Amino acid sequence: MSATLASLLSELDPSLNMMMVERLSNVAAESTDAWNNAGTGHAGYCELNYTPMDTDGSIDIKRALAINASFEVSLQFWSSLVENNTLPAPQNFINATPHLSFVWGDTDVDFLRKRHAQLKAHHLFSDMEFSEDASQLKTWMPLIMQQREANQKVAATRVSYGSDVNFGALTRHLVKHLETHNNFQLSLNTEVKNLKQLDNGRWQVTLKDLNTHKTTIVEAGFVFLGAGGGALHLLQKSGIPESLGYGGFPVSGQWLVCNNPEVIKQHSSKVYGKAALGAPPMSVPHLDTRVIDGKPALLFGPYAGFTTKFLKQGSYWDLFKSIKPNNIKSMLGVGYHNMDLTRYLIVEALQTHSERVATLRQFFPQAIEADWQLQSAGQRVQIIKKCADKGGKLEFGTEIVSAQDGTIAALLGASPGASVSVQAMINVIERCFSTQLKSSAWQQKMKALVPSYGESLIENARLLKTVRQHTLKTLNLM
Ligand SMILES: Cc1cc2nc3c(=O)[nH]c(=O)nc-3n(C[C@H](O)[C@H](O)[C@H](O)COP(=O)(O)OP(=O)(O)OC[C@H]3O[C@@H](n4cnc5c(N)ncnc54)[C@H](O)[C@@H]3O)c2cc1C
């Protein structure tokens with residue numbers, strides 16, 4: 001997120017002085033690293049939780065449309081950066097990987113058929129295919145259809161130009177380019193310890209060098225808290241009134257990673273299923289082809305779990321340290337009303353290898369335990385907010401919290417995540433650099449970076465066609 005914001009700002013005004021502070025010895029080693037997230041370019045093509053069914057049986061596609069349009073913004077920005085040589089050839093960070101949704105049983109097949117009909121009628125999803133035909137499904141996902149019971153009712157949808165994104169590689173390339181500028185400084189092994197706003201509105205930021213334990217203070221006119229799971233603590237330290245009431249609910253993740261090259265080469269798509277009853281939306285199971293550092297990989301998961309850490313390389317005290325007088329009511333409210341979720345996460349965390357492979361067999365019936373190893377994914381800190389009737393509510397999205405004076409902003413939450421980083425960071429710029437953004441220079445540059453900027457891809461079918469044709473070609477996603 002921080003690398004995206006810095007890249008946008010540096011394109012809009014190359015004279016800006018920027019400092020990026022990272023507590024680890026490399027950037028993008030937390031959630032953004034390829035092994036810590038699923039690398040799905042979330043576009044609403046395969047994620048069934050973006051199209052919930054209402055109580056009257058109708059399907060709400062609004063969220064899928066919004067996420068698809070946001071992902072198109074990311075694709076446009078990355079295309080522009082490939083074209084101006086800021087980013088290397090696209091296969092270094094993004095690869096075409098068909099996105100499929102796969103369901104079984106009468107109820108879910110009916111749901112998928114209805115979802116497909118509704119989505120396909122919209123220009124954003126007009127290329128989505130649907131099939132209940134076993135021979136067609138075998139060509140789309142051979143591993144999943146292999147030796148499946150002939151009488152099981154199954155169906156799938158497919159969008160051929162879905163993508164697998166190595167967000168870690170993308171971020172490291174962005175930062176490598178930023179480092180070629182004299183007015184950009186990257187401080188690794190350095191932790192942000194405190195923030196204080198001065199009377200003149202600027203921010204005094206206390207940094208600690210984690211190698212020498214030395215403390216330094218820097219001053220900035222604008223601060224972005226793009227610290228992933230660490231953002232809540234820093235937002236609380238800022239003391240801005242907008243931070244009051246926010247809390248965090250950490251959810252950890254694990255994958256089964258395939259170690260058999262013969263199996264890996266038989267699957268070449270991202271196949272998303274339906275979340276189990278009571279499961280949080282981000283634990284929708286999926287069998288994913290990945291391309292990590294040029295090599296194909298096959299992952300299944302994520303299996304959610306409960307932990308009190310806010311960062312993978314964080315502390316078990318993170319959750320407890322985030323409890324403050326101003327958010328205790330929201331935290332207790334969420335704790336009380338979400339006991340089922342906590343119980344679900346604990347049961348998930350205590351599963352044996354055989355139990356995890358049994359879940360995998362719903363997707364890949366021939367899976368052998370010895371071919372799969374468990375690996376930890378990143379942490380997601382879900383947002384807890386004040387709520388009048390329940391004290392607090394749990395949200396599974398992403399939210400930008402910014403001060404009224406526009407001098408500081410933070411990004412909380414983790415879904416749909418890195419895929420919509422460009423739209424999220426444009427929103428930060430709209431809130432915190434509104435005067436500069438009104439200038440014709442910034443407007444022109446923004447249009448050059450994101451040609452659809454200022455227009456709606458949900459409303460404008462012709463514009464969507466033009467930008468999509470261009471980005472799919474530039475990023476080799478056709
Ligand atoms: C299991 C899982 C699967 C996911 N799958 C997908 C997916 O398929 N597609 C998708 O788009 N998104 C996905 N996401 C979400 C995505 O990974 C995140 O939204 C995104 O990577 C967050 O980026 P970030 O820059 O906000 O945070 P991070 O990548 O976590 O970066 C924050 C950085 O801040 C540093 N930091 C924290 N505190 C401090 C401090 N005090 N001082 C200095 N540095 C600090 C951390 O060390 C870290 O490097 C997934 C996430 C998880 C956990």
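These legends walk through four close-up views of a predicted model.

**View 1. The ligand and its polar contacts.**
Let us start with the ligand and the residues around it. Its surroundings comprise 33 residues, and those that come nearest are Glu22, Thr32, Thr40, Val192 and Ser419. Look for Thr32 here: a polar atom of its side chain lies 2.5 Å from a ligand oxygen atom. Ser31 takes part through its backbone, with a polar atom 3.2 Å from an oxygen atom of the ligand. Thr40 also uses its backbone, where an N or O atom lies 2.9 Å from a nitrogen atom of the ligand. How much of the ligand does the protein bury? Taken alone, the ligand exposes 1,000 Å², and the protein buries 94% of that.

**View 2. The shell around the ligand.**
Now turn to the elements that supply this shell. Two of them, β8 (190-197) and β16 (372-387), give two or more residues each. Which element gives the most? That is β16, with four residues. By character, the shell residues divide into 13 nonpolar, 15 polar and five charged.

**View 3. Helix α7, a mostly covered helix.**
This view follows helix α7, which spans residues 231-238. Is the helix mostly covered or mostly open? Mostly covered, as seven of its eight residues are buried. To find them, look for Ala231, Leu232, His233, Leu234, Leu235, Gln236 and Ser238. Just after α7 comes Gly239, and its phi is positive, near 70°.

**View 4. Two places with accessible side chains: a nonpolar patch and Arg462.**
Our last stop begins with a nonpolar patch on the surface, formed by Trp317, Phe320, Ile323, Ile328 and Leu332. Together these residues have about 540 Å² of accessible area. One of them, Phe320, is found in helix α9, which covers residues 318-321. Why does Phe320 count as partly exposed? Because its relative accessibility is 44%, and partly exposed residues fall between the cut-offs of under 20% for buried and over 50% for exposed.

For Arg462, look to helix α16 (residues 461-474). Arg462 counts as exposed because its relative accessible area is 73%. Which residue can you look for alongside Arg462? Try His123: the two are 339 residues apart along the chain, and their C-alpha atoms are separated by 9.1 Å.

Notes: Residues are numbered from 1 along each chain as its sequence is written. This is a predicted model: local features need pLDDT of at least 70, side-chain atom pairs count only at pLDDT 80 or more; totals for chains, interfaces and linings use all residues. Side-chain values use heavy atoms; hydrogens and water are left out. Patches are made of residues with over 30% relative accessible area and no salt bridge: like charges are joined within 9 Å, nonpolar side chains (Val, Leu, Ile, Met, Phe, Trp, Tyr) within 5 Å. Accessible areas come from the Shrake-Rupley method with a 1.4 Å probe; for residues, only the protein chains shown count as cover. A salt bridge is a side-chain nitrogen of Lys or Arg within 4 Å of a carboxyl oxygen of Asp or Glu. Buried means under 20% relative accessible area, exposed over 50%, partly exposed in between (1.4 Å probe, protein chains only). A residue is near a molecule or strand if one of its heavy atoms lies within 4 Å of it. A polar contact is a pair of N or O atoms within 3.5 Å; within protein, one must be able to donate a hydrogen and the other to accept it, and residues adjacent in sequence count only if both atoms are side-chain atoms. Ala, Val, Leu, Ile, Met, Phe, Trp, Tyr, Cys and Pro count as nonpolar, Asp, Glu, Lys and Arg as charged, and the others, Gly among them, as polar.
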